[in-house]
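Biologist: I would like a close look at the salt bridges in this protein, please. Tell me where the partners sit, how covered they are, and what lies around them.

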Amino acid sequence: MTATLTDTRAFVEFLLETGCLAFGDFQTKSGRRTPYFMDFARFSRGSEVQRLGSFSARAIRARLGADFDVLFGPAYKGIPLVVATAMTLSSECGRDASFCFNRKEAKDHGEGGRLVGHKLKDGDRVVIVEDVTTAGTSIRETVPLLRAAAKVQLAGLVVAVDRQERGTGEMSALRELEAEFGMPCFAIATIDEIVAALTAPAAAG
């Protein structure tokens, strides 16, 4: 389900207000030049993370309905996002979903292990909650981690922004991940939708 222009405009205004979305001349980690930059590390207030979680929760409900069991947030930026998304699903959508996230390194004392939160079990339908995917590297690291914990089903991947950049082949990174892992991959907004929301008022005038 594609976001409406009104929804996307609200999301874009939120990104601009927080300084998460900036325009200029930037170079990504992959070495590509880009006229915009997304920096979700700029979120530093509870209200900001709460709003992002609300946008994410609504995107999940619109695309997947109730067809999932667990939310997973890849460390590190996915951790506050998955918590905020789970809280919004519970408070606003009546869906009390479990969540978990990973440690970068396995804990060798106490309960041990790499995962924190819900203990994954066979058959769990897992939605991965991520901020942005450029080449899909973090997701390709995440999926083996989930599958090592249990025989889970990949219910979907939601990212805040789909940069619509090419993956390792001719498809975009998100479509490539969708084909590779057989799960729906979608975003709160694509970069095309963001541009459309930014230019719509001028076009209307």
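**Salt bridges and their surroundings**

Modeller: Happy to, and let me start with the fold as a whole: among the contacts in the protein with a separation of 6 or more, 68% are between residues 24 or more positions apart. Please keep in mind that this is a predicted model. The protein has six helices and eight strands, and from the N terminus on they follow the order α-β-β-α-β-α-β-β-β-α-β-α-β-α. Of its 205 residues, 46% count as buried. The accessible surface is about 10,300 Å², with 52% of that belonging to carbon and sulfur atoms.

Now to your topic. Side chains of opposite charge can pair when their charged atoms come close. A search of the whole structure turns up 10 salt bridges, and I will walk you through some of them.

One of these joins R51 to E17, with a distance of 3.4 Å from N to O. R51 belongs to helix α2 (residues 46-64) and E17 to helix α1, so this pair ties together parts that are 34 residues apart in sequence. How covered are the two partners? R51 has a relative accessible area of 36% and is therefore partly exposed, while E17, at 57%, counts as exposed.

Right beside E17 in the sequence you will find T18, in helix α1 (residues 5-18). With a relative accessible area of 13%, T18 is buried, because the cut-off for that label is under 20%. A polar atom of the T18 side chain lies 3.0 Å from the backbone oxygen of F14. Leaving out residues up to four places away in sequence, T18 touches R42, F43 and E48.

There is also a nonpolar spot to look at in this part of the chain. L16, F23 and L198 make up a nonpolar patch on the surface, with about 260 Å² of accessible area together. Of these, F23 is in strand β1 (residues 21-27), and its relative accessibility of 46% makes F23 partly exposed.

Next comes R125, which forms a salt bridge with D69; their closest N and O atoms are 2.9 Å apart. This pair also links distant parts of the chain, with R125 in strand β6 and D69 in the loop between α2 and β3 (70-73), 56 residues apart. Both partners are partly exposed: R125 has a relative accessibility of 24%, and D69 has a relative accessible area of 25%.

Strand β6 (residues 125-133) also holds D131. At 5% relative accessibility, D131 counts as buried. What does its side chain meet? The side chains of D131 and K77 are joined by a polar contact of 3.3 Å. Not counting residues up to four places away in sequence, D131 touches F40, K77, L81, V159, A160 and V161.

The third pair is R163 with E165, where the closest N and O atoms are 2.7 Å apart. Are these partners buried or exposed? R163 counts as buried at 6% relative accessibility, and E165 is likewise buried, with a relative accessible area of 13%.

E165 leads us on to S172, in the loop between β7 (153-162) and α5 (173-181). Apart from its neighbours within four places in sequence, S172 is in contact with Q164, E165, R166 and G167. S172 is buried, with a relative accessible area of 17%. Its C-alpha atom is separated from that of D162 by 9.2 Å, and the two residues are 10 positions apart along the chain.

Salt bridges can share partners too: R63, R175 and E178 are linked in a network of them.

To finish, here is a helix to view by its covered and uncovered sides. The buried residues of helix α4 (residues 137-149) are I139, T142, V143, L145 and L146. They cover an arc of only 170° around the axis, which puts them on the same side of α4. The exposed residues E141 and A148 are on the face of α4 turned away from that buried side.

Notes. Residues are numbered from 1 along each chain as its sequence is written. This is a predicted model: local features need pLDDT of at least 70, side-chain atom pairs count only at pLDDT 80 or more; totals for chains, interfaces and linings use all residues. Side-chain values use heavy atoms; hydrogens and water are left out. Helices (H or I, at least four residues) and strands (E, at least two) are DSSP runs, numbered from the N terminus. Buried means under 20% relative accessible area, exposed over 50%, partly exposed in between (1.4 Å probe, protein chains only). A polar contact is a pair of N or O atoms within 3.5 Å; within protein, one must be able to donate a hydrogen and the other to accept it, and residues adjacent in sequence count only if both atoms are side-chain atoms. Contact means heavy atoms within 4.5 Å. The arc is that of the directions from the helix axis to the C-beta atoms. Patches are made of residues with over 30% relative accessible area and no salt bridge: like charges are joined within 9 Å, nonpolar side chains (Val, Leu, Ile, Met, Phe, Trp, Tyr) within 5 Å. Accessible areas come from the Shrake-Rupley method with a 1.4 Å probe; for residues, only the protein chains shown count as cover. A salt bridge is a side-chain nitrogen of Lys or Arg within 4 Å of a carboxyl oxygen of Asp or Glu.
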